[in-house]
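Got your viewer open? Here is a walk through one model, stop by stop, with a note on what to select each time.

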Amino acid sequence: MTTTTVDIGEHAREEIPVGGNYLNQGKGIKSWLFTLDHKRIGLMYLISGLTMFFIGGMLAMVIRTQLLVPNGLIFHGSYEAYKHYNQVFTLHGIIMVFMVLVPIPPGALGNFVLPLMIGAKDVAFPRLNLLSYYLYVTGAIMAVVSTLLGAVDTGWTFYTPFSIQTETYVVWMVLGIFLLGFSSILTGLNFIVTIHKLRAPGMKWFRMPVFVWASYATSIIQVAATPVLGVTLLLLVAERVMGVGIFNSALGGDPVLFQDFFWFYSHPAVYIMILPAMGIVGEIITVFSRKPIFGYKFIVMSSLAIALIGFVVWGHHLFVNGQSAEWDAIFSFMTFFVAVPSAVKVFNWLATMYKGAISLTTPMLYALSFIVLFTIGGFTGVILGALATNVVLHDTYFVVAHFHYVMMGGTIIAFIGGLHYWWPKMFGRMYNETLGRITCVMLFIGINLTFFPQFIVGAEGMPRRYATYLPQYQPYMIASTVGAYIQLAAFVLMAGYLIHSLVRGKKAAANPWGASTLDWSMASPPTTGNFQQMPVVTQGPYHYEDMEYDGRLGGFVHVEPVPALAGVGAGH
Amino acid sequence: MSENAIATLTLASPEEVAGRHLAHHFDTPQQQFDSGKLGMWLFLGTEFLLFSGLFCAYAVYRMLHPQIFIYASRYLDPVSGALCTLVLVSSGFTMAWAIRCAQLGKRTALIIALLLTIAGGFGFLVIHGYEYFEEYQQHLMWGTHYHPAVNAPRQQVMVPKSGAVGGSWSQLNQLGKQGYLVAHSNIAPAAIGPAGPALAQRPADPVTAASVTAAASQPHNVQIFFGIYFLMTGLHSIHVIVGIILLTYLLVRAIRKDFGPGYYAPVDFIGLYWGVVDMIWMFLFPLLYLIH
Ligand SMILES: [Cu+2]
């Protein structure tokens, strides 16, 4: 066999059975519900995740609408009304964190792309992968059930002692999140083993694309931090069901211990959310700058450094909760320290673009937005990590603005960028590029308009999680709400052109962006088996000299005899 | 599986058997086995981390209130604990033997070894279950369920044995429940725990002087120890139960002649799990029963 898998374009096209791909190989609802194909499971994660994102987003719109006027537009006047407000922001937080930000980037994009990128036929444990997905679904259903029975009003952090006392259905919700955590552990475990054991011949560790490295670092955190969340939630259940007293000061326990346990998971969880995003941005920037990524090893190592240092900073959530001054200082220092690898990444992305042939496609615009928004989010994180300023800003809207810049402006923006980047590979269709760019600009404006004013009111002392506020903050709150509606409009537009693309979109070439990683080496969409022949890797992931745009195909093809990758015989 | 399939399985060479169990996305049986083993180790790592939360809780409370642990640990029966340990260690050995038998294809020995291991698991549950039962009878429980009556600590008598003592304890406990629940965000020093203020503000109570001394010599918040004890051993017992289910699954497959030199991965992996369950008990036993 002399055909090479990297020979994108016509060769690959001819080898695939006419019209056959993972979407139509196997028909009927059962072939989806019981599929073991990582790509189909990825799509199911995507659909579920976008559904949850829609629900969480609608709750956010309720919050922003409520805060249009100082006394509250929707909930006002009674204890019950304010309790409903608490329930709304609690559900918004729980859905966004545990059902969108943590599971979806690895579950949807990671599942789809990671095996393709390392030249594997599937993840190491396909059944476990499907189990992860169904654990996710079950967890989400339990959350819905608890909401119908009596929606939780504790905030997404479930702080004791209130979470022990409230009448709402904390146990159901917490058990649902326990299942979501279990799902997350199994996904991480699956990815680690996949990366260790299923790389194609020649795919050495330092030939893996940065997204794979980012997923690897993410998986380490998922496996190492989530069990602690699991036991914390079990303890909370034991507290409510049995009255075990570990977190209850009335029984000799310590409520602050809950916070330590909770943040031991939930700070690293922030990196579960942001690391895949950083990986996506790395891929997009190198491709659309037509330059190998600058400082590849630094980017790789900074992912691992973030994953490891991220475990020893949780105390920065407890600066005003009776933690000793010595521990405050240590945690503050470590928090500053973890900013270093993040900054390394930003510098490397900028250096990658320097003197590159940049094309401002939709994914690239998202990557650029990410850099701006994430940097704002990151810097304000340093402000919050500093002891003196933290005492003032603790529990104000400054914190809300900070983590929305990181989560919305960082994770979600990068995820959407990644979705646009891999969309042609996933569905074999192109979307309307102009509408894509317009949407990205709308989102960028909308996010800044929503969250930047919150920095200002936060610095002026407006507390978070209140249903009402002082009239002096109203102009900022109106701006924030307008921004939220702009975001909503952008998402509606996006849903429109993406659905249109599924139905009417132009057929996508195997490699429309000219990427050199293995995930673009097969036809779009891939067949169930991913690769026609086992790819053999002979060089690093990024090299752009040997390919050229072919207008007839609408994608890139190789022009030189391929030095990078060569196919091996069909003996496999 | 049909009769034919079983017949061919036993006749096939180890390589053929290994090939038959090879999933489509692996290249070699070795790659598949290594992947499974790495996955299993990672999973067991998460099991340790799950328990680590409880070990942390243990460490925090023991560091802050060593007197509670020294006092309350005497209520536990080290003989029963040692017996549990013995049974689990033995079952660990039989499990190791089972793995060896599976690798060598000794079916009868494998079945015996698995049966012995399962028996060990049940033995552990029975002994420990009886301990739970005794503790339940004596109200040596968590939270507000902790109100031991006349029974003094099992290992060493720290307080005078008298009816009045029991009376005063439960009275104090009552008071603690009624209004002296101190809401702190930090761990209250034992001296101002729930029963502390109650004791201080009850000079005119018809409790004998001796019993007040007795109550004072009992540290406050002993129930915390029992909360941790039940959580740790309870979570461990759940793991033992899961282990028994997995071992039963192995037993069924062993009877079906599934395992041999070419294919023994499930025995190996579940054996690892059983080893970790044993090992966690090795930590729990001294930490809970042998505090002096
Ligand atoms: Cu944090």
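Before the first stop, one term: a salt bridge is a side-chain nitrogen of Lys or Arg within 4 Å of a carboxyl oxygen of Asp or Glu. By this rule, eight salt bridges turn up over all chains. Keep in mind that you are looking at a predicted model.

**Stop 1: a link across chain A**

Select Asp395(A) and Arg464(A), and show their side chains. They meet in a salt bridge, at 3.8 Å from N to O. This pair links distant parts of the chain, with the two residues 69 residues apart. Asp395(A) sits in the loop between helix H14 (387-393) and helix H15 (397-427), while Arg464(A) is in the loop between helix H16 (433-459) and helix H17 (474-504). Which of the two is buried, Asp395(A) or Arg464(A)? Turn on the surface and take a look. Arg464(A) is buried, at a relative accessible area of 15%, whereas Asp395(A) is partly exposed at 41%.

**Stop 2: another pair in chain A**

Next, pick Arg552(A) and Asp550(A). Their side chains also form a salt bridge, with 3.2 Å from N to O. Is Arg552(A) buried or exposed? Arg552(A) is exposed, with 69% relative accessible area. Its partner Asp550(A) is buried, with 14%.

**Stop 3: a network in chain B**

Hop over to chain B and select Arg253(B), Arg256(B) and Asp258(B). These three are linked in a network of salt bridges. Zoom in on Arg256(B) and Asp258(B): this salt bridge spans 2.8 Å, N to O. Arg256(B) counts as partly exposed, at 41% relative accessibility, but Asp258(B) is buried, at 5%.

**Stop 4: two cysteines**

Stay in chain B and highlight Cys56(B) and Cys101(B). Cys56(B) is partly exposed, with 39% relative accessible area. Cys101(B) counts as buried, because its relative accessibility is 3% and buried means under 20%. Thinking of looking for disulfides? A disulfide is a covalent bond between the sulfur atoms of two cysteines. How many does the structure hold over all chains? The count is zero disulfides.

**Stop 5: rings and charges**

Back to chain A. Select Arg40(A) and Trp32(A), then rotate until you look across the ring. Arg40(A) lies over the face of Trp32(A), 4.1 Å from the ring centre. For a second example, go to Lys297(A), which lies over the face of Phe206(A) at 4.5 Å from the ring centre. Rings can pair with each other too: the structure holds 58 aromatic pairs over all chains. A pair of aromatic rings is described by the distance of the centres and the angle of the planes.

**Stop 6: a nonpolar patch**

Now colour Ile29(A), Leu33(A) and Phe34(A) and show the surface. Together they make a nonpolar surface patch of about 340 Å². Where is Phe34(A) found? Look in the loop between helix H2 (29-33) and helix H3 (38-66) of chain A. Phe34(A) counts as exposed because its relative accessible area is 58% and the cut-off for exposed is over 50%.

**Stop 7: one last distance**

Finish with Lys291(A), in the loop between helix H10 (255-289) and helix H11 (296-309) of chain A. Lys291(A) is partly exposed, with a relative accessible area of 24%. Add Pro453(A) to your selection, 162 residues apart from Lys291(A) along the chain, and draw a line between the two C-alpha atoms. Those atoms are separated by 37 Å.

Note on methods:
Residues are numbered from 1 along each chain as its sequence is written. Chains are lettered from A and ligands numbered from 1 in the order in which they are written. This is a predicted model: local features need pLDDT of at least 70, side-chain atom pairs count only at pLDDT 80 or more; totals for chains, interfaces and linings use all residues. Side-chain values use heavy atoms; hydrogens and water are left out. A disulfide is a pair of cysteine sulfur atoms within 2.5 Å. Buried means under 20% relative accessible area, exposed over 50%, partly exposed in between (1.4 Å probe, protein chains only). Rings of Phe, Tyr and Trp (its six-membered ring) pair if their centres lie within 6.5 Å; planes under 30 degrees apart count as stacked, over 60 as edge-to-face and the rest as tilted. A charge sits over a ring if NZ of Lys or CZ of Arg is within 6 Å of the ring centre and within 35 degrees of the ring normal. Patches are made of residues with over 30% relative accessible area and no salt bridge: like charges are joined within 9 Å, nonpolar side chains (Val, Leu, Ile, Met, Phe, Trp, Tyr) within 5 Å. Accessible areas come from the Shrake-Rupley method with a 1.4 Å probe; for residues, only the protein chains shown count as cover. Helices (H or I, at least four residues) and strands (E, at least two) are DSSP runs, numbered from the N terminus.
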